[in-house]
Amino acid sequence: MPRYNEPTAVRVYTICDESRYLIVRNVPAIGCGDDLLKLFASYGDIEECKPMDAEDCEQFTDVYWIKFRLVSNARFAKRKLDEFVFFGNRLDVSYAPQFESLADTKDKLESRRKEVLARLNPGRSNMHTSQTSVVLNEASLVAAPSQSTFISEQITSKQRDSSESQDIAHSQITRVSSNRDYFASQSMNETVRLVRGKLSEIESSAEHLQGGPPTKKTRVDNRRRI
């Protein structure tokens, strides 16, 4: 029976051990290279993927060499696909820094240095980004004053057109007599007349209330005083 209390092995990779080159072992030898490429390409852009025929491997398995465009994509793919079950076999994914050139190593170390600085000074990086955006906005305003003038002219013309259309719409409104019958059914017309009568009564009562309460007559005191 398997023993689950055994401590698991943990391996720590430094930036020197990491690489954008990966070696994938224990791939089933059934001609599934395209499927393997699609699987790894879902984690980042791949520049090259080819089998390593000269590499020693177990029977009925192949070894593939994969070159990612970025080290971060290769790191993500290795973390997700190592020990991944692929057509019944568990893939063995490992870094291959021995295939790096001097330029690859330099770019890898420089990108890692920038990542560490960004994590140590998050406020400084945000300030730098905001300053850059402000400078770009000022440069765009200075370089293209004619564009702002053109936009303001367009807004003014649109406002003028909208005001003219509103005037035309108001002029086209026609008054219709309230005694006109709009329905073929006589009962519906009677209902409309009843509603109009009620509305007229409400309007008249509202006008009467707006006029204010009637003034009271001044009361004359005719009592005889002693």
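Author: Before we start, one term: a pocket is an open set of grid points with protein on both sides within 12 Å along at least five of seven lines, and its lining residues have an atom within 4 Å of a point. Also keep in mind that this is a predicted model.

Reader: Okay, which residues lie nearest the centre of the largest pocket?
Author: The largest pocket has a volume of about 200 Å³. Its lining is made of 14 residues. Those that sit nearest the centre are L70, V71, D107, K108 and S111.

Reader: And which elements give two or more residues to that lining?
Author: Let's stay with the largest pocket, which has a volume of about 200 Å³. Two or more residues of its lining come from each of these elements: helix 2 (71-81) and helix 3 (102-120).

Reader: How many residues does helix 3 give to the lining of the largest pocket?
Author: Helix 3 spans residues 102-120. No element gives more to the lining of the largest pocket than helix 3 does. Its share is 6 residues.

Reader: Let me zoom out. In what order do the elements run from the N terminus on?
Author: There are 6 helices and 6 strands to place. Starting at the N terminus and writing β for a strand and α for a helix, you get β-α-β-β-α-β-β-β-α-α-α-α.

Reader: What share of the residues in the protein is buried?
Author: Here you need a cut-off: a residue is buried when its relative accessible area is under 20%. The protein has 226 residues. The buried ones make up 19%.

Reader: Is C32 buried or exposed?
Author: C32 sits in the loop between strand 1 (21-28) and helix 1 (33-41). Its relative accessibility is 3%. The cut-off for buried is under 20%, so C32 counts as buried.

Reader: How far apart in space are C32 and F86?
Author: Along the sequence, 54 residues separate C32 and F86. In space, from C-alpha to C-alpha, the separation is 9.7 Å.

Reader: I spotted other cysteines too. How many disulfides does the count come to?
Author: A disulfide needs a pair of cysteine sulfur atoms within 2.5 Å. Among the cysteines, C49 is partly exposed at 26% relative accessible area, and C57 is partly exposed at 43%. By the 2.5 Å rule, the number of disulfides is 0.

Reader: What about charges: how many salt bridges are there?
Author: Side chains of opposite charge can pair when their charged atoms come close. The cut-off used is a side-chain nitrogen of Lys or Arg within 4 Å of a carboxyl oxygen of Asp or Glu. By that rule, the number of salt bridges is 12.

Reader: Take E55 and R25. How many residues apart in sequence are the parts that this pair ties together?
Author: The side chains of E55 and R25 form a salt bridge, with 3.2 Å from N to O. E55 lies in the loop between strand 2 (46-51) and strand 3 (61-68), while R25 lies in strand 1, so the pair ties together parts whose separation in sequence is 30 residues.

Reader: Are K108 and E100 buried or exposed?
Author: K108 is one of the residues nearest the centre of the largest pocket. K108 and E100 form a salt bridge whose closest N and O atoms are 3.1 Å apart. Both residues are buried.

Reader: Where do R113 and E110 lie?
Author: These two form a salt bridge, and their closest N and O atoms are 2.6 Å apart. R113 is partly exposed at 43%, and E110 is partly exposed at 33%. The two are 3 residues apart, about one turn of the helix, and both lie in helix 3.

Reader: Which residues form a nonpolar patch on the surface?
Author: One member, L199, lies in helix 6 (residues 186-210) and is partly exposed at 47% relative accessibility. The patch has about 280 Å² of accessible area together. Its residues are V195, L199 and I202.

Reader: Last one! What is the phi of F87?
Author: F87 is in the loop between strand 4 (85-86) and strand 5 (89-90). F87 is not a glycine, yet its phi is positive. The value is about 55°.

Key:
Residues numbered from 1 in each chain as written. Predicted model: local features only at pLDDT ≥ 70, side-chain atom pairs only at ≥ 80, totals over all residues. Heavy atoms only, no water. Patch = residues over 30% accessible without salt bridge, like charges linked within 9 Å, V, L, I, M, F, W, Y side chains within 5 Å. Areas by Shrake-Rupley, 256 points an atom, 1.4 Å probe, with all protein chains shown as cover. Helix = DSSP H or I, 4+ residues; strand = E, 2+ residues; numbered from the N terminus. Buried < 20%, exposed > 50% of the residue type's maximum accessible area, 1.4 Å probe, protein only. 1 Å grid on protein atoms, 1.4 Å probe; cavity = no way out; pocket = protein on both sides within 12 Å on 5 of 7 lines; lining within 4 Å. Points joined across faces, edges and corners; volume = space filled by probe spheres on them.
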